[in-house]
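Work through the following exercises with the sequence and the model open beside you, and try each task before you read its solution.

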Amino acid sequence: MSEAATAGACTPVTLVLRVPARLAAVAEDSLLSIAAQSPAPERVLLAPDGLGDEAARGLAELARDFRPLLPDSAVQFVHDPRFERTVERLAAEEGVAGVLRSGDVLFGHWCRTVRLALAQRPGARLVRMRFARQPARLAPGPSGPAPFATAGPVRPYADQYDPARHREHMQTPASAVAWRTEAAAGLAGGGDDPRDAVWRVLERAAAGPIVERPEITSLVRAWDEAEWRAFEHDAMEPGAVVAAPGRARRAKERLRRLLRR
Amino acid sequence: MHLIVQSVLYRNAPAEVERLARGVRTAAARLRELLPGARVELALGDCSPEPVLDAAALDALRRTSPALDAVHAEWFDANLGHGGGHARLFAAHRGSHLLVLNPDVLLAPEALHRLAARLDGAAADGSPVGAVEMRQLPLEHPKAYDPASGASGWLAGAGLLLPAEVFERVDGFDHAAFPMYADDVDLSWRIRAAGYALVVEPRAVGFHDKRLNEHGGWEASELEWVSGYAAEVTMLAKWGSAELARERYEQLAASDDPRARAAAAELDAHPERWPAVRTDGAGIAEPARPGYGERRFTI
């Protein structure tokens with residue numbers, strides 16, 4: 001193995017499971033897919049995002065239950081009222097990080113693919129992989145609500161990563177990218193920028209070299225909105241992470257300026 | 001409850017078997033918390049040309065699995081096939097229940113007790129539940145089931161819990177007729193013909209390490225294609241009619257697809273793949289339907 005390949009293979013990987021209140025009920029699927037990674041990530045952070053105390057306690061218990069499945073990983077439950085601070089903390093860790101939205105799942109080779117990509121291009125700041133999207137609903141189930149796929153997986157990705165198009169058309173969910181943790185430095189000190197923390201960190205990482213991998217490494221679920229309302233959850237977000245209205249054009253211009261440097 | 005978790009290996013990586021055991025022992029510990037006195041054993045049957053686990057690896061597996069009452073491993077020194085391996089394990093390790101589990105599955109911590117709880121109840125139509133299937137991740141099995149009751153026409157064998165007496169009553173997998181594919185469909189229909197219901201328990205989850213290709217499709221190996229085609233004929237012979245089976249066989253034999261012709265040749269060489277037709281499949285078996293029943297989607 002070349003020196004560069006060894007460096008990629010050894011890059012520590014942190015996976016953050018982001019659990020918004022409306023998706024807390026389906027965190028188990030995501031966590032199991034993290035536990036099934038081969039090789040395992042070095043760190044796993046369970047990060048509630050706006051969860052009430054009771055739901056957060058439930059998530060902490062879930063983290064405890066899953067620890068035996070991740071014996072070689074540091075599993076932490078990080079309950080910070082501001083999710084961006086959780087993301088910012090990653091800047092202190094060496095390596096790459098990825099964020100998985102609760103309810104979405106990774107295929108078993110997400111970590112391996114990220115490491116391969118960094119071996120392929122050690123200087124990359126962003127790894128972009130392919131993903132599939134599958135319509136699903138939360139069905140009542142014989143013993144309680146459970147995810148139920150209603151159609152087959154489709155692949156809505158563009159073949160090449162274009163950060164501007166990515167932002168505009170939601171073509172890449174958070175689970176389909178891994179970024180150098182240094183991109184998260186100072187994130188929480190971003191003043192009054194209301195945009196989502198993951199979008200901002202991706203924007204920073206995309207300013208550096210990007211490496212593409214053709215493997216489909218995650219499955220994003222397109223939840224049936226009406227069904228969730230029936231379970232007294234909030235309305236679902238349309239994409240992986242939603243940008244504030246009216247900001248897409250300015251962000252696109254900013255990204256283009258960054259990419260021209 | 002005395003549960004034997006049975007898994008048949010074939011050229012698996014030792015790390016994969018370790019992952020399997022990690023899921024089983026974690027779920028077993030949780031089961032025992034909720035059902036004190038439950039016994040859980042892991043029985044591995046190895047069909048590989050060389051043993052997957054050497055003595056040191058097996059010792060390590062046992063040392064790291066104190067939550068399991070026993071870890072059994074047998075190298076068969078022959079490829080008995082999926083069903084044949086399970087038959088050998090079932091004969092050697094008898095409990096009150098068995099979980100048929102693929103070696104590339106990682107069980108969620110709550111999987112075992114949720115499966116067991118579902119087996120205890122009756123189905124929506126009042127029939128006793130004969131077997132319970134876990135929900136698979138990252139890709140759910142595409143076959144249809146009733147999301148409210150879990151009722152299903154057949155159950156996939158990747159993670160299947162059933163009482164030992166049910167498995168014994170229906171004579172387990174028919175590994176002579178179905179050495180690789182569709183043995184779970186055949187087992188399911190025989191369980192239903194014996195008067196039991198089949199259910200999926202979607203809150204019992206197992207990560208079954210399947211992947212999509214770069215285009216989002218499913219890539220089956222040559223062997224899987226051949227076995228799949230051959231199983232279609234065997235299924236028609238057993239659950240349809242000799243005429244239907246012969247018709248499908250002739251289509252395969254005359255096909256432009258070399259995999260179909262290979263399946264026909266395999267059927268020629270193995271008379272046991274042409275079992276006698278069963279007469280108790282009315283209203284149960286759908287041997288001529290693609291996927292052997294209704295599907296929610298295809299991949």
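The exercises below concern a predicted model, and they move from the contact between two chains to a pocket and then to salt bridges.

**Exercise 1.** Describe the interface between chain A and chain B: how many residues are in contact, and what area is buried?

Solution. Begin with the contacts, where 41 residues of chain A meet 40 residues of chain B. Next take the area, which comes to about 3200 Å² buried between chain A and chain B, with 62% of it given by carbon and sulfur atoms. Finally, look for charged pairs across the interface, where the count is 2 salt bridges.

**Exercise 2.** Examine the second largest pocket: which residues are the closest to its centre, and which element gives the most to its lining?

Solution. The second largest pocket holds about 620 Å³ of space. Its lining is made up of 27 residues, and the closest to the centre are A:Ala24, A:Ala25, A:Glu28, A:Leu62 and B:Arg114. Turning to the elements that give two or more residues, we find α2 (27-35), α3 (53-66) and β7 (146-149) of chain A, together with β8 (197-208) of chain B. Of the elements, α3(A) gives the most, with 8 residues. Sorted by class, the lining has 14 nonpolar, 2 polar and 11 charged residues.

Two of the central residues can be followed further, since A:Glu28 forms a salt bridge with B:Arg114, in which the closest N and O atoms are 3.2 Å apart. B:Arg114 is also one of the buried residues of α4(B), a helix that covers residues 111-120 and has 8 of its 10 residues buried.

**Exercise 3.** Explain why the salt bridge between A:Asp49 and A:Arg18 ties together separate parts of chain A.

Solution. First check the distance, which is 2.8 Å between the closest N and O atoms of A:Asp49 and A:Arg18. Then place the residues: A:Asp49 lies in strand β2 and A:Arg18 in strand β1 of chain A, so the pair joins parts that are 31 residues apart in sequence. A:Arg18 counts as buried, because its relative accessibility is 12% and the cut-off for buried is under 20%.

**Exercise 4.** For the salt bridge between A:Glu42 and A:Arg115, decide whether each residue is buried or partly exposed.

Solution. In this pair the closest N and O atoms are 2.5 Å apart. A:Glu42 lies in the loop between α2 and β2 of chain A and A:Arg115 in helix α5, so the salt bridge ties together parts 73 residues apart in sequence. With a relative accessible area of 34%, A:Glu42 is partly exposed, whereas A:Arg115, at 7%, is buried.

Methods: Residues numbered from 1 in each chain as written. Chains lettered and ligands numbered in written order. Predicted model: local features only at pLDDT ≥ 70, side-chain atom pairs only at ≥ 80, totals over all residues. Heavy atoms only, no water. Buried < 20%, exposed > 50% of the residue type's maximum accessible area, 1.4 Å probe, protein only. Helix = DSSP H or I, 4+ residues; strand = E, 2+ residues; numbered from the N terminus. 1 Å grid on protein atoms, 1.4 Å probe; cavity = no way out; pocket = protein on both sides within 12 Å on 5 of 7 lines; lining within 4 Å. Points joined across faces, edges and corners; volume = space filled by probe spheres on them. Nonpolar A, V, L, I, M, F, W, Y, C, P; charged D, E, K, R; others polar. Contact = heavy atoms within 4.5 Å. Buried area = accessible area lost by both parts, 1.4 Å probe. Salt bridge = Lys/Arg side-chain N within 4 Å of Asp/Glu carboxyl O.
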